[in-house]
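Please open the model in the viewer and keep the sequence panel visible. The tour proceeds from the whole chain to a helix, a pocket and a single residue.

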Amino acid sequence: MATGRTHRPATRSRGIPEATVARLPLYLRALTALSERSVPTVSSEELAAAAGVNSAKLRKDFSYLGSYGTRGVGYDVEYLVYQISRELGLTQDWPVVIVGIGNLGAALANYGGFASRGFRVAALIDADPAMAGKPVAGIPVQHTDDLEKIIEDNGVSIGVIATPAGAAQQVCDRLVAAGVTSILNFAPTVLSVPDGVDVRKVDLSIELQILAFHEQRKAGEESASADGAHPAAAARKESADQGPDGDVPAVMPA
């Protein structure tokens, strides 16, 4: 099986837009569920609904893959699973290192979905000497002193950072210097990387804050409805009370 260091996904060279690339895993997840239920074909409308997108966007995305389906029949599920997996590079073996084996890092190490999707956790790395040699998910934790050698020995091109924010940039710099070209960042900080290095950030607190915003908005709408005032009318009244220029917001957007 090929390793991630010598083979790169074909998506960019074939000119597939980044927005389409971001939706391919959604389609693959929906298709994999259909495959597990032995569903042979699926219409664009059914697959779009399962993936949470509209069917026109799905058909456009699939046109970049050269897959147009069959009128009256739909898309062959197994073929699409293979086709999207190939485009995403999931038919290869991608060794991954996880740096920072606290609660989050340990949870990631124990996640069983990596192997079935083409990712192999090659090493777990932590700065705490007390963690060295301790098995997590059956893999002994190694010290950060050996990070560069671990990257080289395992041919790693994808690194996962699950360290505290203060340590993340230094870990990132060492990963990049050792040859890692793709980073999944769980640390609550923005990383600075050179051209040619891809970073995907996962910030759970930001996602929760967005949900809190929507919850607050829903609560406000329910309160306005209970008072017999339409939210839009209330907004117009508030605007009128403020005068033509309104008030300067207490917190300006970043």
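Begin with the whole chain: among contacts with a separation of 6 or more, 58% join residues 24 or more positions apart. The model is predicted. Colour by secondary structure to display 10 helices and nine strands. Colouring by accessibility then shows that buried residues make up 36% of the 254 residues.

**Helix H3**

Next, select residues 55–65, which form helix H3. Show the side chains of Ser55, Leu58, Asp61, Phe62 and Leu65, the buried residues of this helix. Why do they lie on the same side of H3? They cover an arc of only 120° around the axis, and therefore share one side of the helix. The underlying rule is that an α-helix has 3.6 residues a turn, so residues three or four places apart point the same way.

Now add the elements against which the buried residues of H3 pack: helix H1 (18–36), helix H2 (44–51), strand E2 (75–76) and helix H4 (77–88).

Both ends of H3 merit a closer view. At the N-terminal end, select asparagine 54, which acts as a cap: one of its side-chain oxygens lies 3.2 Å from the backbone nitrogen of alanine 56. At the other end, select glycine 66, which follows H3 and has a positive phi, near 80°.

**The second largest pocket**

Move to the second largest pocket, which holds about 240 Å³ of space. Its lining comprises 19 residues, and those closest to the centre are Gly100, Thr163, Pro164, Ala167 and Val171. Centre the view on these five residues, then display helix H5 (103–109), strand E4 (119–126) and helix H8 (165–178), each of which supplies at least two residues of the lining. Which of these elements gives the most to the lining? It is H8, with four residues. Colouring the lining by residue class gives 10 nonpolar, seven polar and two charged residues.

**Isoleucine 158**

Finally, select isoleucine 158, located in strand E7 (residues 158–161). Is this residue buried or exposed? Isoleucine 158 counts as buried because its relative accessibility is 18%, and the cut-off for buried is under 20%.

Show its surroundings as well. Leaving aside neighbours within four places in sequence, isoleucine 158 is in contact with Trp94, Pro95, Val96, Val97, Phe119, Val180 and Ser182. As a last step, draw a distance between the C-alpha atoms of isoleucine 158 and leucine 184: they are separated by 7.7 Å, although the two residues are 26 residues apart along the chain.

Technical notes
Residues are numbered from 1 along each chain as its sequence is written. This is a predicted model: local features need pLDDT of at least 70, side-chain atom pairs count only at pLDDT 80 or more; totals for chains, interfaces and linings use all residues. Side-chain values use heavy atoms; hydrogens and water are left out. Buried means under 20% relative accessible area, exposed over 50%, partly exposed in between (1.4 Å probe, protein chains only). The arc is that of the directions from the helix axis to the C-beta atoms. Contact means heavy atoms within 4.5 Å. A polar contact is a pair of N or O atoms within 3.5 Å; within protein, one must be able to donate a hydrogen and the other to accept it, and residues adjacent in sequence count only if both atoms are side-chain atoms. On a 1 Å grid over the protein atoms alone, a cavity is a set of points where a 1.4 Å probe fits but cannot get out, and a pocket is an open set with protein on both sides within 12 Å along at least five of seven lines; lining residues have an atom within 4 Å of a point. Grid points are joined across faces, edges and corners, and a volume is the space filled by probe spheres set on the points. Ala, Val, Leu, Ile, Met, Phe, Trp, Tyr, Cys and Pro count as nonpolar, Asp, Glu, Lys and Arg as charged, and the others, Gly among them, as polar.
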